[in-house]
Amino acid sequence: MATLTEVTDTDYPSETVPGIVYLDGTYYVMTPAGRIVGSEINDPTSWDALNFIQCQAETDSGKAIARLANYVVGFSEYTTEFFYNAGNPTGSPLLPMMSAQTNVGCANGMSVVNTENTILWVGQTRTYGRGVYMFNGTNPQKVSTPFIDRILMADDMTDVFAFGVKPAGHSFYVLVLGTVDRTLVYDFTTQEWHEWDFCE
């Protein structure tokens, strides 16, 4: 039976964004300032003050952290960065993968969902506004339609959560927008969008 243990190490960040990543024995979390902080090897209760690396594509705030293949993905407001384990002996073992940096950020960290081989999230850009994206390799691919985008732009993104489900062989990305009170669902199999109503 699993038990919960509070992390009391003073080097653990006082505030983190949604998500936690495990890669090559290290657990990683990210702060709202975009700092990715790592634990001691195979010990999520012990954290090293020197084990950190900063997202620095822009000065935008951190939104979420996730893992894609063997990369740690740092989502910020208008940018997304990838980091790989470079095996550095001191400080963070991570280094940025400069070629994978993208100017699509994240509107709300609670929209980020890991699937079997990709990540979906509500992304945003300074030029084109919001949309739902998924990674094709390390490249963001927009999967939302103009109709879905208009709904996303009407929501203030303060009350958002998302999850993945796979009933009857179909994989779905379910996005709940609290402010506009709508639930948007993307079907991977048909590549179509639906709206679900939940009866109270």
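**Exercise 1. A residue in strand 3**

Leaving aside its neighbours within four places in sequence, which residues is Ser39 in contact with? Place Ser39 in the chain and decide whether it is buried or exposed.

Solution. The structure above is a predicted model.

Step 1. Find the element. Ser39 belongs to strand 3, residues 35-40.

Step 2. List the contacts. With neighbours within four places in sequence set aside, Ser39 touches Thr26, Tyr27, Pro44, Ser46, Trp47 and Asn51.

Step 3. Apply the cut-off. Buried means under 20% relative accessible area. Ser39 has 2%, so it is buried.

**Exercise 2. The sheet 5-6-7-8**

Take the open sheet with the order 5-6-7-8. Find its edge strands, then follow the pairing from strand 5 to strand 6 and from strand 6 to strand 7.

Solution.

Step 1. Describe the sheet. It has four strands, and the pairing is antiparallel. Strand 5 and strand 8 (94-96) are the edges, as each pairs on one side only. On average, neighbouring strands are turned by 30° against each other, direction ignored.

Step 2. Recall the principle. Backbone hydrogen bonds pair the strands of a sheet, either parallel or antiparallel.

Step 3. Start with strand 5, residues 62-68. Six bridges link strand 5 to strand 6, and the two run antiparallel. Gly62 faces Ser76 of strand 6. Ala66 faces Val73, also of strand 6.

Step 4. Look at the turn. The hairpin of strand 5 and strand 6 has two residues between the strands. In this hairpin Ala69 takes a positive phi near 55°.

Step 5. Move on to strand 7, residues 80-85. Four bridges join strand 6 to strand 7, again in an antiparallel arrangement. Val73 stands opposite Phe82 of strand 7. The hairpin between strand 6 and strand 7 passes through three residues.

Step 6. Put Val73 together. Val73 stands opposite Ala66, and it stands opposite Phe82 in strand 7.

**Exercise 3. Strand 6 and its surroundings**

How many residues of strand 6 are buried, and what does this say about the strand?

Solution.

Step 1. Take the range. Strand 6 covers residues 71-76, which makes six residues.

Step 2. Count. Five of the six are buried.

Step 3. Conclude. Strand 6 is therefore largely enclosed by the rest of the structure.

**Exercise 4. The sheet 14-15-16-17**

Take the open sheet with the order 14-15-16-17. Name its edges, trace its bridges on both sides of strand 16, and place helix 1.

Solution.

Step 1. Describe the sheet. Four strands pair antiparallel. Strand 14 (160-165) and strand 17 (192-196) are the edges, each pairing on one side only. From one strand to the next, the twist averages 20°.

Step 2. Go from strand 15 to strand 16. Six bridges connect residues 172-177 with residues 182-187, and the strands run antiparallel. Val176 has Thr183 of strand 16 as its bridge partner.

Step 3. Go from strand 16 to strand 17. Here five bridges join the antiparallel strands. Val185 stands opposite His194 in strand 17.

Step 4. Add the helix. Helix 1, residues 146-154, lies across strand 15, strand 16 and strand 17. Helix 1 runs at about 145° to strand 16.

**Exercise 5. Positive phi in two loops**

What is the phi of Asp24, and what is the phi of Gln191? Where does each residue lie?

Solution.

Step 1. Recall the usual case. Most residues other than glycine have a negative phi.

Step 2. Check Asp24. It is not a glycine, yet its phi is positive, about 55°. Asp24 sits in the loop between strand 1 (21-23) and strand 2 (26-30).

Step 3. Check Gln191. Its phi is also a positive value, near 60°. Gln191 sits in the loop between strand 16 and strand 17. That hairpin has four residues between the strands.

Step 4. Classify Gln191. Exposed means over 50% relative accessible area. Gln191 has 59% relative accessibility, so it counts as exposed.

**Exercise 6. A nonpolar patch**

Which residues form a nonpolar patch with Phe161? Decide whether Phe161 is buried, partly exposed or exposed.

Solution.

Step 1. Name the members. Met110, Phe161 and Phe163 make up the patch on the surface. Together they have about 260 Å² of accessible area.

Step 2. Place Phe161. It lies in strand 14, an edge strand of its sheet.

Step 3. Classify Phe161. Its relative accessibility is 40%, so Phe161 counts as partly exposed.

How values were computed: Residues are numbered from 1 along each chain as its sequence is written. This is a predicted model: local features need pLDDT of at least 70, side-chain atom pairs count only at pLDDT 80 or more; totals for chains, interfaces and linings use all residues. Side-chain values use heavy atoms; hydrogens and water are left out. Two strands pair if DSSP finds at least two bridges between them. Axes are lines fitted to C-alpha atoms, for helices over the stretch in contact, and angles run from 0 to 180 degrees between N-to-C directions. Contact means heavy atoms within 4.5 Å. Buried means under 20% relative accessible area, exposed over 50%, partly exposed in between (1.4 Å probe, protein chains only). Patches are made of residues with over 30% relative accessible area and no salt bridge: like charges are joined within 9 Å, nonpolar side chains (Val, Leu, Ile, Met, Phe, Trp, Tyr) within 5 Å. Accessible areas come from the Shrake-Rupley method with a 1.4 Å probe; for residues, only the protein chains shown count as cover. A salt bridge is a side-chain nitrogen of Lys or Arg within 4 Å of a carboxyl oxygen of Asp or Glu.
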